[in-house]
Amino acid sequence: VALEKANTAEKKLLEEVSHQATLIGLLLDSIPDLIFFKNTQGVYLGCNPPFSELVSHTKEEIVGKTDYDIFDASLADFFREKDRIILDSAQACQNEEWVTYPDGRKVLLDTLKAPYRNSDGVVEGIIGISRDITERKRVEEELVEARKSAESANQTKSEFLANMSHEIR
């Protein structure tokens, strides 16, 4: 009877773990940002569909690969250096990076990479989340240009009014 109860409890625990894993997978797949995670050696352990789209490989093709298998050498070097800093410091790191999709489209990504730890607090790898900020950056630059133009127009108007005031006197 005790063995039967233990098997039932173990079965319930396994069902709960499976349920939680399914929920986490669904959550990852529903997020529009690019998400990936890799171990301390830089081997990809998983990703979501937007990341797969970026690298033009399926999740199954990405898992087990490194940056050098997926990106050109200079970009892979950049990623590995950022990963090394994160792993050495055990601190998160954020940066902006331009990447090119296989179709030639260039986007600016705001990427946050952070170490992930096991239940004992030991760093086991890196999780990364990247958001496409290309449009936001373009709008910000347009606003800066519009502000400069408005300030220039205001300066021109002020000079004109000062000259007219002087002429009237």
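Leaving aside neighbours within four places in sequence, which residues is phenylalanine 51 in contact with?

## Phenylalanine 51 and the nonpolar core

In this predicted model, phenylalanine 51 is in contact with Leu34, Ile35, Phe36, Tyr44, Ile62 and Phe71, once its neighbours within four places in sequence are set aside.

Phe51 also belongs to the largest nonpolar core, a group of 16 residues. The members with the most contacts inside this core are Tyr44, Phe51, Leu54, Val55, Ile62 and Phe71. Several elements give two or more residues to the core: strand E1 (34–39), strand E2 (44–47), helix H2 (49–55), helix H5 and strand E4. Of these, H2 gives the most, with three residues.

## Arginine 80 in helix H5

Helix H5 spans residues 73–89 and includes arginine 80. Arginine 80 counts as buried because its relative accessibility is 16%, while the cut-off for buried is under 20%. Residues up to four places away in sequence not counted, arginine 80 touches Thr40, Gln41, Gly42, Asp67 and Tyr68.

## Strands E3, E4 and E5

Strand E3 (residues 93–100) runs antiparallel to strand E4 (residues 106–117), and eight bridges join them. Within this pair, valine 99 stands opposite valine 107 of E4. The two strands form a hairpin with five residues between them. Glycine 104, in the turn, has a positive phi of about 95 degrees.

E4 also pairs with strand E5 (residues 123–132), in the antiparallel sense and over nine bridges. Here lysine 113 stands opposite glycine 128 in E5. E4 and E5 likewise form a hairpin with five residues between them, and glycine 121 in its turn has a positive phi of about 90 degrees.

How values were computed
Residues are numbered from 1 along each chain as its sequence is written. This is a predicted model: local features need pLDDT of at least 70, side-chain atom pairs count only at pLDDT 80 or more; totals for chains, interfaces and linings use all residues. Side-chain values use heavy atoms; hydrogens and water are left out. Helices (H or I, at least four residues) and strands (E, at least two) are DSSP runs, numbered from the N terminus. Buried means under 20% relative accessible area, exposed over 50%, partly exposed in between (1.4 Å probe, protein chains only). Contact means heavy atoms within 4.5 Å. Two strands pair if DSSP finds at least two bridges between them. A nonpolar core is a set of buried Ala, Val, Leu, Ile, Met, Phe, Trp, Tyr and Cys residues joined through side-chain atoms within 4.5 Å.
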